[in-house]
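Okay, thanks for coming, everyone. Let me put the structure up on the screen, and then I'll walk you through the parts I spent time on.

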Amino acid sequence: MALPENFGADLARGIGAIVLYAIVGLVLMLIGFYAIDWTTPGKLSELVRSGKPNAVIVTASGMVSMALIIVVAIFFSASDLTAGLITSVVFGLLGIIVQVLAVRTLEWVTKLDVGSTMEDDRFAPASVVVAAVHIALGLIVAVAIS
């Protein structure tokens, strides 16, 4: 039983795509994390490391939201690696900006004190609202990509 003629080249191209998309995804996730950190009162990484439940919930939802956007961007550009990488970067950065603006708008409109909520040692229901906004916007941007 012989392998298809271009098997080796296709396999190498697939491995390269996985590595490149993983790098793009990781960079976007890091940018997203630091965008949330930069726009949220307090040092987010320290709040997460110290186990502040609300900071963990908001951060996790932001990361899931970013992953949704990146996955859809990759899925709809899968036939062209260069276009897929560019689409992932552009829509990923747009998703980060939209999320940050939406959370700040939510905080302003609802008068939620997201900074205090993130620093609280006790679970605060408001963190679920912020998390829902992150995930909802990730879904909206992801669907817009398709």
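**How the helices pack**

Let's start in the middle of things: F91, G95, V98, Q99, A102, V103 and L106 of α4 are in contact with V129, V130, V133, H134, L137, G138, V141 and I145 of α6. Sorted by class, that α4 and α6 contact has 11 nonpolar residues, 4 polar ones and no charged ones. Keep in mind that this is a predicted model.

So what about the geometry there? The axes of α4 and helix α6, which is residues 125-145, come within 10 Å and cross at roughly 145 degrees. The crossing of these two, α4 and α6, is right-handed.

Okay, let me zoom out for a second. The chain has 6 helices and 0 strands, and reading from the N terminus you just get α-α-α-α-α-α. There are 146 residues, of which 40% count as buried. The C-alpha atoms fill a box of roughly 65 × 30 × 25 Å along the principal axes. And if you take the contacts with a separation of 6 or more, 78% of them are between residues 24 or more positions apart.

Back to α4, and on to another partner. Which residues of α1 meet α4? On the α1 side we have A17, L20, Y21, V24, L28, I31, G32, A35 and T39, and on the α4 side L81, G84, L85, S88, V89, G92, L93, I96, V100 and R104. By class, this contact of α1 with α4 comes to 13 nonpolar, 5 polar and 1 charged.

As for the axes, α1 covers residues 7-39 and α4 covers residues 81-110, and their axes come within 10 Å and cross at roughly 15 degrees. Angles under 35 degrees count as roughly parallel, so α1 and α4 are roughly parallel to each other. This crossing of α1 and α4 is right-handed too.

Now α6 again, this time against α3. The axes of helix α3, residues 53-75, and α6 come within 8 Å and cross at roughly 5 degrees. That makes α3 and α6 roughly parallel. The α3 residues in this contact include N54, I57, S61, S65 and L68, and on α6 they meet a set including S127, A131, H134, I135 and L139. The class count for α3 with α6 is 14 nonpolar, 7 polar and no charged residues.

Next, the record. UniProt, in an unreviewed entry, puts the feature "transmembrane region" at residues 12-36, 56-76, 83-103 and 123-145. How does that look in the model? Residues 12-36 are 100% helix, with the end C-alpha atoms 36 Å apart. Residues 83-103 are also 100% helix, and there the end C-alpha atoms lie 30 Å apart.

Last, a couple of single residues. K111 sits in the loop between α4 and α5, which is 114-119. Phi of K111 is near 65 degrees, a positive value, and K111 isn't a glycine. Most residues other than glycine have a negative phi. Is K111 buried or exposed? Exposed, with a relative accessible area of 64%.

Then there's N6, in the segment before α1. N6 counts as partly exposed, at 46% relative accessibility. From N6 to I23 is 17 residues in sequence and 26 Å in space, C-alpha to C-alpha.

That's my tour, thanks for listening.

Note on methods:
Residues numbered from 1 in each chain as written. Predicted model: local features only at pLDDT ≥ 70, side-chain atom pairs only at ≥ 80, totals over all residues. Heavy atoms only, no water. Axes fitted to C-alpha atoms, helices over the stretch in contact; angles between N-to-C directions. Helix = DSSP H or I, 4+ residues; strand = E, 2+ residues; numbered from the N terminus. Parallel < 35°, antiparallel > 145°, perpendicular 65-115°, else oblique. Left-handed = near helix turned anticlockwise from the far one by under 90°. Contact = heavy atoms within 4.5 Å. Nonpolar A, V, L, I, M, F, W, Y, C, P; charged D, E, K, R; others polar. UniProt positions renumbered as here; feature names shortened; annotations may be inferred. Buried < 20%, exposed > 50% of the residue type's maximum accessible area, 1.4 Å probe, protein only.
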